[in-house]
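Hi,

Here is the model I said I would pass on. Have a look at it first, and my notes follow underneath.

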Amino acid sequence: MLSKQKTIEALDVIGEMFPEAHCELHHHNPFELAIAVILSAQCTDALVNKVTPHLFQKYHHPEDYLAVPIEELQNDIRSIGLYRNKAKHIRKLCQQLIEDYDGELPSNHAELLKLAGIGRKTANVIVSVAFGEPAIAVDTHVERVSKRLGICRWKDSVLEVEKTLMRIVPKDKWSETHHRLIFFGRYHCKAQRPECPECPLLHLCREGKKRMNKNVRDVSVEK
């Protein structure tokens, strides 16, 4: 496990690599962000961003999503995985917003968790990006990077990863750290082909060292 000092060092390097890291889901307001984040479950942001321009041009308010048959909404998001379930979540969320929140997306984390399709990670993204509240949302990239570097244990749950990062990172750095870890995992420490040989964190990374040692052994065997 990395010490707190080494973890901060690693996060500083990641910050230097991706100083402009940000939410890549296109949206114009908190409601659109909520819809986009629901759509992004088990799906890339890039694919969601191909669907939402038409979607957000057609649907502006919660009432709009309820004014059409669910089959029409499903068709509008058909290119996204799990589109049937996501359409159900979107319609139920819109119904909840109208009935319980005067049609406005709540900014409170606990209230967000009451909404259809909104889990802890999704709520963290919304409060951070839409409302400027410090939060660390642990997606697959954040979890993978945290475990590969040794910031967390391999067996840690998503919630444990989140709590570890919150304990180590100053609260005013939570949101930017979340985005930077995502960018690092999405564009550098990728799931299938991490760029270990060129990584400035190789000297700290337990997973990177194992991969590099394995590569050296494989080359030796081939010779």
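How many cavities of 30 Å³ or more does a search of the whole structure find? It finds one. Before the details, a word on the ground rules. This is a predicted model, so local features need pLDDT of at least 70 and side-chain atom pairs count only at pLDDT 80 or more, while totals for chains, interfaces and linings use all residues. Residues are numbered from 1 along each chain as its sequence is written, and side-chain values use heavy atoms, with hydrogens and water left out.

Back to that cavity. The term is used for a set of points, on a 1 Å grid over the protein atoms alone, where a 1.4 Å probe fits but cannot get out. Its volume is about 100 Å³, where volume is the space filled by probe spheres set on the points, and grid points are joined across faces, edges and corners. The lining consists of 14 residues, with C189, P194, C196, C199 and C205 closest to the centre. Lining residues, by the way, have an atom within 4 Å of a point. Helices α9 and α12 each supply at least two residues of this lining, and α12 gives the most, with three.

There is also a pocket to look at, meaning an open set of points with protein on both sides within 12 Å along at least five of seven lines. The largest one has a volume of about 580 Å³. It is lined by 24 residues, and D45, K121, D139, H141 and R186 lie nearest its centre. At least two lining residues come from each of α3, α8, α9 (140-149) and α11; α11 gives the most, with six.

Now the overall fold. The protein chain has 12 helices and zero strands, both taken as DSSP runs numbered from the N terminus (helices are H or I, at least four residues; strands are E, at least two). The C-alpha atoms fill a box of roughly 65 × 40 × 30 Å along the principal axes. Of the 223 residues, 47% are buried, which here means under 20% relative accessible area, with exposed over 50% and partly exposed in between (1.4 Å probe, protein chains only). Among contacts (heavy atoms within 4.5 Å) with a separation of 6 or more, 57% are between residues 24 or more positions apart.

UniProt lists residues 39-187 as "domain: HhH-GPD", in an unreviewed entry. Its positions are given in the numbering used here, feature names are shortened, and annotations may be inferred rather than shown by experiment. Over that stretch the chain is 63% helix and 0% strand, and the end C-alpha atoms are 21 Å apart.

On to the packing. A nonpolar core is a set of buried Ala, Val, Leu, Ile, Met, Phe, Trp, Tyr and Cys residues joined through side-chain atoms within 4.5 Å. The largest has 38 residues, and L55, Y65 and L93 touch the most other members. Helices α2, α3 (45-58), α6 (83-100) and α8 (120-129) each supply at least two of its residues, with α2 giving the most, at eight. Apart from this core lies another, of 28 residues, among them V13, V138, C152 and L165. Leaving aside neighbours within four places in sequence, L93 is in contact with F31, I38, L115, A116 and I118.

The structure holds four aromatic pairs. Rings of Phe, Tyr and Trp (its six-membered ring) pair if their centres lie within 6.5 Å; planes under 30 degrees apart count as stacked, over 60 as edge-to-face and the rest as tilted. F31 and Y65 are edge-to-face, at 5.8 Å centre to centre and 80 degrees between the planes. This pair links F31 in α2 (residues 30-39) with Y65 in α4 (residues 62-66), 34 residues apart. F31 counts as buried at 10% relative accessibility, and Y65 is buried at 0%. Y65 also pairs with Y59: the ring centres are 4.4 Å apart and the planes at 15 degrees, so this pair is stacked. Elsewhere, F18, F183 and Y187 form one aromatic cluster.

One last residue: K190 is in the loop between α11 (174-187) and α12 (206-222). K190 is partly exposed, at 31% relative accessible area. Not counting residues up to four places away in sequence, K190 touches R144, R148, G185 and E195.

Cheers
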